[in-house]
Amino acid sequence: MCGIVGYVGERQALPILLEGLKRLEYRGYDSAGFALQGPVDFEIKRNAGPVDGLVEVSKGLGLTEKEGIAHTRWATHGAPNETNAHPHRAGEIVLVHNGIIENYAEIKERLTASGVKFSSQTDTEVFAQLIEAKRSRLAEDSPGANPETTLIAAMKAAMAEVEGHYAIVLMSRQIPGKLYGIQNGAPLVGSTLKDGALIASDLQAVIPHHNEVSFLPKGEIFIADRDGIHCAGLKVEKIDWTADKVEKGGYESFMLKEIFQQPMVVADTLTGRLPSDPKSPFIWDHQKAHEVLWKNVKRLYLVACGTSAHAAMAAKYFFERWARLDCQVDIASEFRYRDPVFEPGTVVGVISQSGETADTLAALRLANERGVSTFSICNVPNSTIARESSFQYPTKAGPEIGVASTKAFTAQLTVLCALALDVGRLRGIQSARDTEQESFLGLARLPQDLDHILSRSEEFIRIGETLGKQRIILFVGRGTMFPIALEGALKFKELTYLPAEGFAAGELKHGPIAYIDPEVTVITLAPKDEWYQKTVSNLEEIRARGGHLITLGTEGDRVLEGLSDSFIGLPSAAWGTAPILSAIPLQLLAYGCARALDRNIDKPRNLAKSVTVE
Ligand code: F6R
């Protein structure tokens, strides 16, 4: 969480910093601030609230400096106010930070006892003061020493004391023309430009300037100056994202754009991977290694958080049925602190849009440390999770900027559906219920089917607009529709801030049915699949208790139409692709309700896109 931007070069820094912050705002928007290296002193401006507020207060200041750092904050330590906004100044240095300093309290106590005065409640200021305390002591001990040597020694000494995952970028009054920083478990991307150097927490802020970037290596201090980025072990990589991929492109929000990109994203994700017939192998990046991995697998753990965990839950049905593989789904924040059993033949797959989620990364590292084969399904090329997993099955969703995940979810499900079909084939399984062939064909026509559903977007948005007054919205489904119900509820609550819960349809009578009255809407996913009749019975039970019913079913289903207050008929879909298609109306229902309530669609309150803290 939190977004960092730093620029040093020949152009005015402020517009570059503010534009970069806008692009990183999905990482947090509790406050924003910048510091510029001025002729007399640092020019520091901080503001509570989103970046637009900072843009407003910096208008007309005439700041033309060519070196600066900036930050957009997702509050961890201390309230989201101006005092706690970054950058934080300590003596000669000013610093921005992403991540968490776990032992900040004890360091703060020590520094306070030695006379250091703190002005904020943040762990960031503790880091800044620690570096400054060490720097000034070293400078006192060796008065003639080069200020850069002293600063770097101080940074190293401070790093040795702080615990946690973080990234920092700082400037020193004594060393104009240079930015310094460290990536220690929270990503930083750097790029050497024609006229200077740019540093940012994520590709989105760098790509509009240059597509040759370096993911800064962990634990190494880097220096950025007019000539570029200098750091041990730096590798330059070309990224095939273009600037237009990080623009709204005429849509009123990134989320809406991303919902509408889903046919294209699914097509991109399948291109080059889908074989011409269902009996042939899917094509993956490391074909031989892929085959060896899956031929020997005995148990699969799929581990993820939030929306990505819902994709994992749906995939459990695929792997069990098509590959007859013991598949367990785990929430990463639980998995990392359990003692999972890793027997020979265990494979751990982690799923993450950002590839930076702290809990998912920790789960991956746990598996790696225990010598288990790992793979990742990530959307961000070269993200930490992608790099640290043994195999990668990337999604090709392109940058996802709306905080609520949409296209990354459908791309994850697409990869998982293809992978499970392929693993079943590799293991020579012919499942008893024989849904492979139709699901293979369903994958091939998925982009067209998604297009067709999206052509009805206004209908789904309108239904969503009617939901703002309900006391609670329940989302219900069975089988592969259960994880989609959970995802529908998650989208709804994060976008609208209204209570919403997802349940397995069979669980309703074990408690949640107590909710039901006319102010409760139950949105049920009931396609004509093998669980259909049972779900219809559950709907009857809700109807009998006066619940308001919205049902998503197969087009032309008169029974459901008769039972429901609103019926959304969807084209009949293959077993494996029905969950992907059913997710779309739920995204649009949540969007419609949130828009009617005037919520911030792309940046729902309290959330951040990339959750790099526990
Ligand atoms: C919800 C959402 C989150 C993420 C979760 C994991 O719309 O986006 O629940 O799915 O924070 O993030 P990634 O997939 O980046 O690991």
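A residue counts as buried when its relative accessible area is under 20%, as exposed when that area is over 50%, and as partly exposed in between. The exercises below apply this to a predicted model.

**Exercise 1.** Find which residue meets Glu10 in a salt bridge, state where the two residues lie in the chain, and classify each as buried, partly exposed or exposed.

*Solution.* Step one is to identify the partner: the side chains of Glu10 and Arg226 meet in a salt bridge, with a distance of 2.5 Å from N to O. Step two is to place them: Glu10 belongs to the loop between strand 1 (3-9) and helix 1 (13-24), while Arg226 belongs to the loop between strand 12 (221-225) and strand 13 (228-230), so that the pair links distant parts of the chain, 216 residues apart. Step three is to classify them: Arg226 has a relative accessibility of 31% and is therefore partly exposed, and Glu10, at 47%, is also partly exposed. This pair belongs to a structure that holds 37 salt bridges.

**Exercise 2.** Describe where Lys316 and Glu320 lie, and how far apart the closest N and O atoms of their salt bridge are.

*Solution.* Begin with the helix: both Lys316 and Glu320 lie in helix 9 (residues 306-323), where they are four residues apart, about one turn of the helix. Then turn to the contact itself, in which the closest N and O atoms are 3.1 Å apart. Finally, consider accessibility: Lys316 is partly exposed, with a relative accessible area of 29%, and Glu320 is likewise partly exposed at 29%.

**Exercise 3.** Work out which strands stand at the edges of the open sheet, and explain why one side of each has no neighbour.

*Solution.* First write down the order of the eight strands, which is 3-2-4-1-10-9-11-14, with antiparallel pairing. Next look at the two ends of this order: strand 3 (42-48) and strand 14 (237-238) each have a single partner strand, and therefore one side of each is left without a neighbour in the sheet. Strands of a sheet pair through backbone hydrogen bonds. For strand 14, two bridges join it to strand 11 (residues 212-215), and in strand 14 the bridge partner of Glu212 is Lys238.

**Exercise 4.** Name the residues of the negative surface patch, and decide whether Glu106 is buried or exposed.

*Solution.* The patch is formed by Glu102, Glu106, Glu109 and Glu163. Among them, Glu106 is found in helix 3 (residues 104-113). Its relative accessible area is 52%, and because the cut-off for exposed is over 50%, Glu106 is exposed.

Conventions: Residues numbered from 1 in each chain as written. Predicted model: local features only at pLDDT ≥ 70, side-chain atom pairs only at ≥ 80, totals over all residues. Heavy atoms only, no water. Patch = residues over 30% accessible without salt bridge, like charges linked within 9 Å, V, L, I, M, F, W, Y side chains within 5 Å. Areas by Shrake-Rupley, 256 points an atom, 1.4 Å probe, with all protein chains shown as cover. Salt bridge = Lys/Arg side-chain N within 4 Å of Asp/Glu carboxyl O. Lys, Arg positive; Asp, Glu negative; His and termini not counted. Charge placed at Lys NZ, Arg CZ, Asp CG, Glu CD. Buried < 20%, exposed > 50% of the residue type's maximum accessible area, 1.4 Å probe, protein only. Pairing = 2+ DSSP bridges.
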